[in-house]
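I opened this model with a short list of things to look up. Here are my notes, in the order I took them.

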Amino acid sequence: MEDKMLTLDKFEEASEIVKNVTQETKLVYSDFYSAQMGNKVYLKPENMQFTGAYKLRGAYYKLSTLTEEERRKGLITASAGNHAQGVAYAAKCYGAKAVIVMPTTTPLIKVNRTKNYGAEVVLWGDVYDEACEHAYELAKEHGYTFIHPFDDPAVATGQGTIAMEIFKELPLVDYILVPVGGGGLATGVSTLAKLLNPKIKVIGVEPEGAGCLKASIEAGKVVTLDSVSTIADGTAVKTPGVQIFPYLCKNLDDIITVPDEELVVAFLDMVENHKMVVENSGLLTVAALKHLNVKNKRIVSILSGGNMDVITMSSVVQQGLIMRDRIFTVSVLLPDKPGELSHVADVIAKQNGNVIKLEHNQFVSINRNAAVELRITLEAFGTEHKHEIIQALEKNNYQPRLVRTNI
């Protein structure tokens, strides 16, 4: 069965089957990114997909290829979150038991949602790879049918249905950017895109701290990274899929790696300009746009998911505001006499700076002429505005000193 996967017939079959459980995620034209990049940029918003990510496609199609007996034994998988929800939901549709092994670091929202779809969750290991090992042991012990999150041609065929939808909506697409964790989505999308039109360029995008596919392609064989470190938890994978590796080598035109800082800024851009919550792994393809050295092309960025817990979200927003100089902290020394605080406030107000936090320390020095340290955390419109506020403080002899913002 497996070796007959990833063919045009199977992609067509999968496209029809996944319609039973997917929502239509029509392409969104991005004025914001198109203007910035000098290309026509479209977003494929799988963050709006049922279960909040594309993974439902591969899981549901894979289950459709199993025998009744294989489903009856119960299903098991390992996942950092989105595949977990996909398998849990697909199993529920087929009335099958599902056991999901998730790393202990998985955000609570993903754990709870997986349980809400009726799956049994086992938390194990620090990273996906350790959870996966444990899932194999449990499968052996209990006779469960293992559903691999990416190293499975049937799962990859299901994920490839995204390319079918892109092609139907935008037949003249030039570039498709696809996030890479283990490579299942990239396998399906790149293989089908090349079958439909060999001229389409498909670029894989990995987090810099988890570039397992880039390392493997450079080595000419599947390699395992010693460690992974990235805020893009959905793509924090040490080893790409062995079965799907040949497809990735053949059909991906390039791989771009993106540092975490760029994902933080991309999150802000996406919320402010598109009013969309996209998880860090899903933002890889948006952050990669500026690494593409092309103009006047039709580019589709696949936003793979939107499952982000609110605590992570708030910290990403804060970091993004700091990185964009929209929030900064400055320290000034004031003479210890009445009226100085209102004078500083007046200087800042004239520059349209907005004070969001004040810390006042009278015991910083024994010099009564410059005895009070004032730490001011401010909101600005960006880098230029920040410099204007600092210059105004300097002009008024306050000798402002930038300090690390901690809000």
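The entries below cover salt bridges, a covered helix, a helix crossing and some strand pairing.

**Entry 1: what I am looking at.** This is a predicted model, so I read each entry below as a description of that prediction.

**Entry 2: salt bridges overall.** How many salt bridges does a search of the whole structure find? I got 21. I picked three pairs to look at one by one, with a general reminder to myself that side chains of opposite charge can pair when their charged atoms come close.

**Entry 3: K44 and E165.** I started with K44, which forms a salt bridge with E165; their closest N and O atoms lie 2.7 Å apart. This pair ties together distant parts of the chain: K44 sits in strand β2 (residues 40-45) and E165 in helix α9 (residues 161-169), 121 residues apart. Is K44 buried or exposed? K44 has 1% relative accessibility and therefore counts as buried. E165, at 24%, counts as partly exposed. I then followed the connections outward and found K44, E46, R57 and E165 linked in a network of salt bridges.

**Entry 4: helix α3.** R57 from that network also turned up when I checked helix α3, being among its buried residues. The helix spans residues 55-65 and is mostly covered, with 10 of its 11 residues buried. Which residues of α3 are buried? My list reads K55, L56, R57, G58, A59, Y60, Y61, K62, L63 and T65.

**Entry 5: E218 and K214.** Next I looked at a salt bridge within one helix: the side chains of E218 and K214 meet at 3.9 Å, N to O. Both belong to helix α11 (residues 212-219), and because they are four residues apart, about one helical turn separates them. As a general point, an α-helix has 3.6 residues a turn, so residues three or four places apart point the same way. For accessibility, I noted E218 as exposed at 62% and K214 as partly exposed at 30%.

**Entry 6: E262 and K290.** My third pair is E262 with K290, whose closest N and O atoms are 3.4 Å apart in a salt bridge. Here too the pair links distant parts of the chain, 28 residues apart: E262 is in helix α13 (residues 260-274), while K290 is in the loop between α14 (284-287) and β10 (298-303). E262 has a relative accessible area of 18% and is buried, whereas K290, at 55%, counts as exposed.

**Entry 7: α13 against α15.** Staying with α13, I looked up how it meets helix α15 (residues 310-323). The two axes come within 8 Å and cross at roughly 100°, which means that α13 and α15 are roughly perpendicular to each other. On the α13 side I listed E261, V264, V265, F267 and L268; on the α15 side, M313, V316, V317, Q319, G320, L321 and M323. By class, this contact has nine nonpolar, two polar and one charged residues.

**Entry 8: strand β13.** Last, I turned to β13 (residues 372-379). Six of its eight residues are buried, so the strand is largely enclosed by the rest of the structure. Which way do β13 and its partner β11 run? Strand β11 (residues 327-334) pairs with β13 in the antiparallel sense over eight bridges, and L333 stands opposite E373. Strand β12 (residues 354-361) also runs antiparallel to β13, joined by seven bridges. I noted one residue pair there: K357 has T377 in β13 as its bridge partner.

Notes: Residues are numbered from 1 along each chain as its sequence is written. This is a predicted model: local features need pLDDT of at least 70, side-chain atom pairs count only at pLDDT 80 or more; totals for chains, interfaces and linings use all residues. Side-chain values use heavy atoms; hydrogens and water are left out. Buried means under 20% relative accessible area, exposed over 50%, partly exposed in between (1.4 Å probe, protein chains only). Helices (H or I, at least four residues) and strands (E, at least two) are DSSP runs, numbered from the N terminus. A salt bridge is a side-chain nitrogen of Lys or Arg within 4 Å of a carboxyl oxygen of Asp or Glu. Axes are lines fitted to C-alpha atoms, for helices over the stretch in contact, and angles run from 0 to 180 degrees between N-to-C directions. Angles under 35 degrees count as roughly parallel, over 145 as roughly antiparallel, 65 to 115 as roughly perpendicular and the rest as oblique. Contact means heavy atoms within 4.5 Å. Ala, Val, Leu, Ile, Met, Phe, Trp, Tyr, Cys and Pro count as nonpolar, Asp, Glu, Lys and Arg as charged, and the others, Gly among them, as polar. Two strands pair if DSSP finds at least two bridges between them.
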